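Subject: The structure you asked about

Hi there,

Here is the structure, with the sequence alongside. Have a look at it first, and then read on for what turned up.

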Amino acid sequence: MHDPTALNESTALNEAVAKNEAVAKSEASPIRFTIVALAFVVHFVAWVGFCALMFAKAEYYSAQSLPAGIAMSALACLAGAAAIVIARELSPIPRSIITVLSIAIFGISAIAEVVGSIERPRPEMLALTFTESALLIGAFVFPFVIVGVLIAVVGKAAAADRATTGPGIVLLACVVIVFCCHVPMFQAFEQIALPSWYRSEWPIALSSAVATVAAVFLLLRAQVNASSPGWSLAIRASGFITLVCGMYLCNLATGQLVAFLPLGDLIPALWQGAVLGLFIGASALFVSVAVAKSRRS
């Protein structure tokens, strides 16, 4: 027969071990999710650099030169590796899907660019090669995927209650700069005399990049799961809009600086949509985080 005393002691020991493991996991969460946020920043920077080189005027409609191909290959590998790091916090099935997508999209892009033998899509071409499709998916579709993954991962964070005022103020300040720099680009303001050296793409690209990074760390400190279901959903939705629009706007402004954007009539719609989305998303994110934080206090 089993000794009841020994059985109780064993049960108590197992509970204590499980509790200690849970506490250790909770204490490690802030560092772990900070690494996730930094991985997103690395992916974002590599993604913008990759797109900027892809948009290069002299090379978009022809095979890449070897130096540009090597640079794009390195950036593609870096973006893919960072995406895999971000997905590590997901459950096994979603993690496997994101990993396969990252390897497929950025791996194909890296191989294609280092080989440098692909033919760029011309305006009259209706069909794209599989390689070109991977390039364009990585540039214009994958941001939605990786931002969705980041929102899901950050929602699991059990980070300590840290101040959100700093990232929030930086985010709003950058959005104001973006909006003010974007105003002269509207057709109604063409009569404004601007210096010949002035290019609004510079401050827009830099400010949207900083706004994107600030939004990531604001989400990291927001304790999404600690909020009520309604405010948690508002934080997730506004964070998603802010990050996607910030990534797109930085990419569009950078592409406009380095070359041209081969998207025709879609450019004005994407540009203004990204500015409006960044403004609305950032404002909603700031308010949602502030209200949710005050209700927890």
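Let me start in the middle. The largest nonpolar core has 69 residues, and the ones that touch the most other members are Phe 40, Leu 171 and Leu 243. Helix α1, which covers residues 4-54, gives the most to this core, with 12 residues. Please keep in mind that this is a predicted model.

**The chain as a whole**

The protein chain has nine helices and zero strands, so as it is a single kind of element throughout, the order from the N terminus on reads α-α-α-α-α-α-α-α-α. Of its 297 residues, 42% count as buried. Among contacts with a separation of 6 or more, 82% are between residues 24 or more positions apart.**Around Leu 243**

Which residues does Leu 243 touch, not counting those up to four places away in sequence? They are Phe 40, Val 147, Leu 150, Ile 151, Thr 212, Ala 215, Val 216 and Leu 219.

Thr 212, on that list, is found in helix α7 (residues 201-221). With a relative accessible area of 0%, Thr 212 is buried. Leaving aside neighbours within four places in sequence, Thr 212 is in contact with Phe 40, Phe 44, Leu 243, Gly 246 and Met 247.

**Where α5 meets α8**

Leu 243 also takes part in the meeting of α5 and α8. The axes of α5 and helix α8 (residues 229-258) come within 10 Å and cross at roughly 145°, and the crossing is right-handed. On the α5 side, the residues that meet α8 are Pro 143, Phe 144, Ile 146, Val 147, Gly 148, Leu 150, Ile 151 and Ala 152. Their partners in α8 are Arg 236, Gly 239, Phe 240, Leu 243, Val 244, Met 247 and Tyr 248.

**Aromatic rings**

How many aromatic pairs does a search of the whole structure find? There are five. One of them is Phe 106 with Phe 142, an edge-to-face pair with 5.1 Å centre to centre and 90° between the planes. Phe 106 lies in helix α3 (residues 92-115) and Phe 142 in helix α5 (residues 142-154), so this pair ties together parts that are 36 residues apart in sequence. Phe 106 counts as buried at 3% relative accessibility, and Phe 142 is buried with a relative accessible area of 2%.

The rings of Phe 179 and Phe 279 also pair. Their centres are 5.8 Å apart and their planes are at 35°, so the pair is tilted. Phe 179 sits in helix α6 (residues 165-182) and Phe 279 in helix α9 (residues 266-296), so the two tie together parts that are 100 residues apart in sequence. Are these two rings' residues buried or exposed? Phe 179 is partly exposed, with a relative accessible area of 40%, and Phe 279 counts as partly exposed at 38%.

There is a cluster as well: ring pairs link Trp 47, Phe 144, Phe 240 and Tyr 248. Phe 144, Phe 240 and Tyr 248 were named above, where α5 meets α8.

**More on α6 and α9**

His 182 lies in helix α6 and is buried, with a relative accessible area of 3%. Neighbours within four places in sequence aside, His 182 is in contact with Ile 204, Trp 271, Gln 272 and Val 275. His 182 and Val 275 are 93 residues apart in sequence and 8.0 Å apart in space, C-alpha to C-alpha.

Leu 276 is in helix α9. At 51% relative accessibility, Leu 276 counts as exposed because the cut-off for that is over 50%. The C-alpha atoms of Leu 276 and Phe 179 are separated by 8.5 Å, with these positions 97 residues apart along the chain.

**Cysteines**

How many disulfides does a search of the whole structure find? The search finds zero. Cys 180 is in no disulfide, and the nearest cysteine sulfur, that of Cys 181, is 6.9 Å away. Since a disulfide needs sulfur atoms within 2.5 Å, Cys 180 and Cys 181 do not make one. Cys 180 counts as partly exposed at 48% relative accessibility, whereas Cys 174 is buried, with a relative accessible area of 9%.

Happy browsing, and all the best

Definitions and conventions:
Residues numbered from 1 in each chain as written. Predicted model: local features only at pLDDT ≥ 70, side-chain atom pairs only at ≥ 80, totals over all residues. Heavy atoms only, no water. Phe/Tyr/Trp six-rings, centres within 6.5 Å; stacked < 30°, edge-to-face > 60°. Helix = DSSP H or I, 4+ residues; strand = E, 2+ residues; numbered from the N terminus. Buried < 20%, exposed > 50% of the residue type's maximum accessible area, 1.4 Å probe, protein only. Contact = heavy atoms within 4.5 Å. Core = buried A, V, L, I, M, F, W, Y, C linked by side-chain atoms within 4.5 Å. Axes fitted to C-alpha atoms, helices over the stretch in contact; angles between N-to-C directions. Left-handed = near helix turned anticlockwise from the far one by under 90°.
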